[in-house]
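Q: Could you take a close look at the salt bridges in this structure and walk me through them slowly?

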Amino acid sequence: MTSFVRRLTVGSTIPHVPVHHQKFKPTIEIPAFPLLPHNIQRPLGIALRSRKYWRVEAVGPVGRSEGGDSTKKAGGGPGPGPCSYSLGDRTTEVERRERNRTVEVVVAAGVTVVLGVGNRVLYKLALVPLKHYPFFLAQLATFGYVLVYFSVLYLRYHAGIVTDEMLSMPKAPFLAVGLLEALGAATGMAAGAILSGASIPILSQTFLVWQILLSIIFLGRRYRINQLLGCFLVAVGVIISVASGSSSGHSLKEAGMFWSLLMIVSFLFQAADTVLKGGSIDLFVVNSYGSAFQALFICLLLPFLSKLWGIPFSQLPNYLKDGAACFLNIGGTLSSRCDGAPLLPLLFVIVNMGFNISLLHLLKISSAVVSSLASTFSVPISVYVFTLPLPYLGVASSLPTGFVAGAIILVTGLLIYAWTPSGSTAALPSPSN
């Protein structure tokens with residue numbers, strides 16, 4: 001019986017593969033049937049009349065022996081299977097990519113934690129020289145956002161990530177985002193200038209509570225039991241910390257309940273802002289236009305917001321002029337109380353933007369759980385840093401027992417919130433503060 005043997009190569013191209021004609025008893029016989037017209041009816045059944053058979057054998061890439069049986073003889077033992085070489089390469093490549101991705105996530109998470117701590121600490125340090133001009137710092141940071149976000153948006157547009165359709169969307173939602181960001185930034189800066197440094201990271205976690213409440217009310221979102229329990233513990237921890245006293249004279253009590261509540265309200269505005277941002281639009285599109293409208297609204301709302309600081313409208317031009325002089329650290333007697341400017345305010349603006357971008361990058365390459373945990377770990381570290389003798393803050397804050405207990409309960413709540421039960425794939429909102 002005559003057989004026709006074809007050797008088909010799997011993998012890299014072999015320069016010359018001979019066709020062997022040999023007699024063998026095939027283990028798998030593929031009959032070569034003649035093609036028939038589709039309209040010719042044949043009786044039921046298959047008649048095997050051809051004696052031609054094809055034997056198909058897969059051969060590995062260059063470097064493998066061209067003879068199927070000669071490999072065994074030359075090596076003295078059984079050679080690798082036909083496809084084992086390429087499968088092994090593929091497995092190695094997958095493992096290498098997984099290792100690289102894990103390293104990238106760990107590095108990005110570490111950078112986010114470091115920038116998160118720096119952001120929280122510099123937030124307070126920047127308000128030391130500009131303690132009497134918090135609205136000037138808010139506007140300065142906003143203009144920095146506009147510059148950076150629109151620069152990144154320009155690059156993403158030319159890279160094809162941002163489309164013309166995204167840029168042509170109605171701007172009304174961005175208008176609302178800008179208004180909420182302006183209110184959040186201005187009220188937060190005003191309260192942060194009065195509150196102690198250690199209390200600001202604690203109060204900032206009310207962002208999570210507001211975010212869950214607003215998303216349930218307006219988006220109809222449902223949360224798991226562990227998320228609701230974690231949110232409850234966060235609220236309890238904040239209440240205990242606010243109610244605590246301090247022997248150092250820097251407690252939330254002595255700062256005044258009004259400023260603590262004002263800081264909490266500022267995070268209400270920020271949480272409402274993130275709820276509005278939810279969607280499939282590129283975040284840099286939202287942040288760019290949102291920061292532009294934020295700068296506009298801070299200018300428009302400044303006459304009203306300045307009343308929080310007891311500044312009459314007629315003195316507003318002088319207030320802005322003195323704020324610029326204090327930022328530049330010029331102006332004779334005025335500069336004596338502006339030590340640390342402009343270095344500290346500029347450092348805060350740079351680190352704050354770096355933290356926001358790193359958080360977005362971490363969210364993109366990992367998950368909301370990882371970004372939430374990275375933000376969570378920066379809270380207790382920031383509180384501890386404020387117990388150290390930092391420059392421009394004077395005597396280090398001593399934390400009372402009630403404050404520490406509240407902070408521990410709060411961090412426990414954040415960890416429970418971020419915990420994902422096995423088999424669950426629900427996405428978690430990530431606090432950005």
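A: What follows is a description of the salt bridges, one pair after another. The model is a predicted one, in which local features need pLDDT of at least 70, side-chain atom pairs count only at pLDDT 80 or more, and totals for chains, interfaces and linings use all residues. Residues are numbered from 1 along each chain as its sequence is written, and side-chain values use heavy atoms, with hydrogens and water left out.

Side chains of opposite charge can pair when their charged atoms come close. A search of the whole structure finds three salt bridges, a salt bridge being a side-chain nitrogen of Lys or Arg within 4 Å of a carboxyl oxygen of Asp or Glu.

Glu 93, Arg 96 and Arg 97 are linked in a network of such bridges. Between Arg 96 and Glu 93 the closest N and O atoms are 2.6 Å apart, and between Arg 97 and Glu 93 they are 3.1 Å apart. Arg 96 and Glu 93 lie three residues apart in helix 2 (residues 84–126), so about one helical turn separates them; helices here are DSSP runs of H or I with at least four residues, numbered from the N terminus. Glu 93 is partly exposed at 28% relative accessibility, whereas Arg 97 is exposed at 56% (buried means under 20% relative accessible area, exposed over 50%, and partly exposed in between, with a 1.4 Å probe and protein chains only).

The remaining bridge joins Arg 156 and Asp 282, with the closest N and O atoms 2.5 Å apart. This pair links distant parts of the chain, 126 residues apart, with Arg 156 in helix 3 and Asp 282 in the loop between helix 10 (257–277) and helix 11 (283–305). Both Arg 156 and Asp 282 are buried.

Note on methods: Helices (H or I, at least four residues) and strands (E, at least two) are DSSP runs, numbered from the N terminus.
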